[in-house]
Amino acid sequence: MQTRDQFEREEYGGMAVFLNSVTAAYGRHVAMENVTLSVHRGDFLGIIGPNGAGKTTLLTVVNGLATVISGSAQILGERLSRRNVNGLRKKIGYVPQIQEIDPLLPINVRDSVLVGCYGRLGFFRRVPKVFLEKTETILELVGLSRLGNRPLGHLSGGEKQRVAIARSLLQEPEILLLDEPCASLDWRAQKEILLLIQNIHNRLRLTTLMVTHDLNSLPEVCTRMAFMKEGRLIWEGVLAQALSESRLSELYDTGITIASHEGKPVLLY
Amino acid sequence: MIPEIFQYEFMQKAFAAGLLSGMSCSLVGVLVVTMRISTVGICISHAGFAGALFGLLVDLNYLATAFVFSLVAAGVVGPLADRAEFAPETSVGILFSAMLGLAFLFIGLMPGSRTSALDLFWGSILTVTRGDLLLLAIIAAILLILLLMFFKEVQAVLCHRSVALAVGIPAGAVFYGMLILLGATVTASLKSVGGLLIYSLIINPAAAAYQVTYCLRKLFFFSALFGVLVCWGGLFISYVLDIPSGAAIVLLSTLLVAALTLYSPKKRGAMTGWTGTDQRD
């Protein structure tokens, strides 16, 4: 007879993420309620919604940082639990929102990126040469090869995002979680980060979940969309169906018009 | 005059205690300063102090009670500092004053001359015994070994704890391990440095070193160096000027941190942009 774990592994093994009626909370504050969502391996899911919609919480449910108070999460074929959460996190790259960093913090760009492999390495192991070399390759890929020695606190917002992306790449993740990677960046930096994300997703065949509150800042590679509002998942489907003025206007409680620029949809509000 | 100081056995022991206490306290100081959990550190060190006084009051081994009190404090204030959505300063500040209140209560309840209790207040580096030195040496050795063994995890948690957690490092275990090390260091150094002064020896050398380097390895090195130098310098000044050694050590460390904060090469860099080299060392 199959155990529940075996059944779920077979049933959802092809999925990178399967959330079954998940409710998550910070202390007494319920931030996400009764969300059921599946993301197949290789998908790029854009998660949009207004502030306080529970988008970040959705990401942190996937990497086990949020507290799930009911429902279950199946990540990479394994049921997420306290027992396996550290192991699963090693396979999930997480790029959080840009955070203020103490300019005097004693860590440079290269060492900060190297942290990405520490979880996989485990205790008592020195960083092998292969990871040191890989770090240089990744720094080159994200355009930071000249800044390896620079203190982390001396970087611009866009450069900090590149460091976070580089760190998550060194992890060699199967799932990449991006939380507003373009927030508070200037337009050029936004464009560069989006191209980088698209490039990485395609090259490494990742499953990517990207949170944003700006639909214009989703890369072209995004195939599916999830709409969140007041902690609930209110709609999920393919990108073409997501581009509905009435649906988006309802999501943001304001009139939204979809225009077209060089064949690309652009949202006006 | 310098060889004259070392003619006395108590001064030899005092300098050895300065070496070990200065190094241990300033090494754990790097953990506290870099993680910006000074209030947590204050609370744990004063809990250790109150615990030692409790041990003297009820006639138990004061080192054991100091360690237990500091562990309990770490268990209480650690989760408060953990909660990112909640600034821990107020509640930790209340706990700190409660610990100090307990310390005064225990000393007030003590019968007799209270000499041992007062030694724990001000520290008595000139009266340390071989047993005190042995304990200090054991704690210093454990601290150094653990820092070397877990350097990469310590660096990850010190500089960006949430990132460490997200890449699969058991950041909570590393964090609480560091708080336990802080409690053990405080316990071992109480006799030589004193409960009221110990915190300045934890914070000041690390805060001074923080102004000097961006490299965590060098930060540990400079902090330990400054910790030992202020202990030895303070002992020398107290010998020459015939003033209390604990006060001389604390004031010297304060002068050091003030001078390095004023002339911090890092602050100049932070204000004017990175001025170091971007090429690999």
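## Close-up views of a predicted two-chain model

**View 1. Helix α4 of chain A meets helix α6 of chain A.** On the α4(A) side, the contact is made by Val109(A), Ser112(A), Val113(A), Leu114(A), Val115(A), Gly116(A) and Cys117(A). Their partners in α6(A) are Val163(A), Ala166(A), Arg167(A), Ser168(A) and Leu170(A). By class, the residues of this contact are eight nonpolar, three polar and one charged. The model shown here, and in every view below, is predicted. Helix α6 of chain A covers residues 157-170. The axes of α4(A) and α6(A) come within 6 Å. They cross at roughly 35°. The crossing of α4(A) past α6(A) is right-handed.

**View 2. Helix α4 of chain A also packs on helix α5 of chain A.** Two packed helices are described by the angle between their axes and the distance between the axes. Here α4(A) spans residues 109-121 and α5(A) spans residues 129-141. The angle is about 120°, and the axes lie 10 Å apart. The two helices are therefore oblique to each other, since 120° falls outside the ranges for roughly parallel, perpendicular and antiparallel. Again, α4(A) passes α5(A) in a right-handed crossing. Which residues make the contact? From α4(A) come Arg110(A), Val113(A), Leu114(A) and Cys117(A). From α5(A) come Phe131(A), Thr135(A), Ile138(A) and Leu139(A). Six of these contact residues are nonpolar, one is polar and one is charged. Look back at View 1: Val113(A), Leu114(A) and Cys117(A) of α4(A) also meet α6(A).

**View 3. Confidence varies along chain A.** The average pLDDT of chain A is 87, and 95% of its residues score at least 70. Which element of chain A has the lowest mean pLDDT, and which the highest? Helix α1(A), residues 4-12, has the lowest, at 51. Helix α4(A) has the highest, at 95. Where pLDDT is low, the predicted coordinates should not be read in detail.

**View 4. Chain A combines helices and strands.** How many of each does chain A have? There are nine helices and 12 strands. The C-alpha atoms fill a box of roughly 55 × 50 × 35 Å along the principal axes. Chain A has 269 residues, and a compact globule of that length would have a radius of gyration near 18 Å. The value for chain A is 19 Å, which agrees.

**View 5. Chain B is built from helices, with zero strands.** How many helices does chain B have? The count is 14. From the N terminus on, each element in the run is an α. The C-alpha trace of chain B spans about 60 × 45 × 30 Å along its principal axes. With 281 residues, a compact globule would have a radius of gyration near 19 Å. Chain B has 19 Å, which agrees. Chain B averages a pLDDT of 87, and 91% of its residues score at least 70.

**View 6. Helices α12 and α13 of chain B cross.** Helix α13(B) covers residues 245-262. The axes of α12(B) and α13(B) come within 8 Å and cross at roughly 130°. That angle makes α12(B) oblique to α13(B). The crossing is right-handed. On the α12(B) side are Phe226(B), Val230(B), Cys231(B), Gly233(B), Gly234(B), Leu235(B), Ile237(B) and Ser238(B). They meet Ser245(B), Ala248(B), Ile249(B), Leu252(B), Ser253(B) and Leu256(B) in α13(B). By class, this contact has nine nonpolar, five polar and no charged residues.

**View 7. Chain B touches chain A.** How many residues does each chain give to the contact? Chain B gives 32 and chain A gives 34. On the chain B side, the elements giving two or more residues are α8 (151-159), α9 (161-166), α12 (216-241) and α14 (265-272). That side has 18 nonpolar, seven polar and seven charged residues. For the complex, the predictor gives an ipTM of 0.85 and a pTM of 0.88.

Technical notes
Residues are numbered from 1 along each chain as its sequence is written. Chains are lettered from A and ligands numbered from 1 in the order in which they are written. This is a predicted model: local features need pLDDT of at least 70, side-chain atom pairs count only at pLDDT 80 or more; totals for chains, interfaces and linings use all residues. Axes are lines fitted to C-alpha atoms, for helices over the stretch in contact, and angles run from 0 to 180 degrees between N-to-C directions. Helices (H or I, at least four residues) and strands (E, at least two) are DSSP runs, numbered from the N terminus. Angles under 35 degrees count as roughly parallel, over 145 as roughly antiparallel, 65 to 115 as roughly perpendicular and the rest as oblique. A crossing is left-handed if the near helix is turned anticlockwise from the far one by less than a right angle, and right-handed if clockwise. Two residues are in contact if their C-beta atoms, placed from the backbone, lie within 7 Å. Ala, Val, Leu, Ile, Met, Phe, Trp, Tyr, Cys and Pro count as nonpolar, Asp, Glu, Lys and Arg as charged, and the others, Gly among them, as polar. pLDDT is the predictor's confidence in each residue, from 0 to 100. The radius of gyration is taken over C-alpha atoms; the globule rule is 2.2 Å times the number of residues to the power 0.38.
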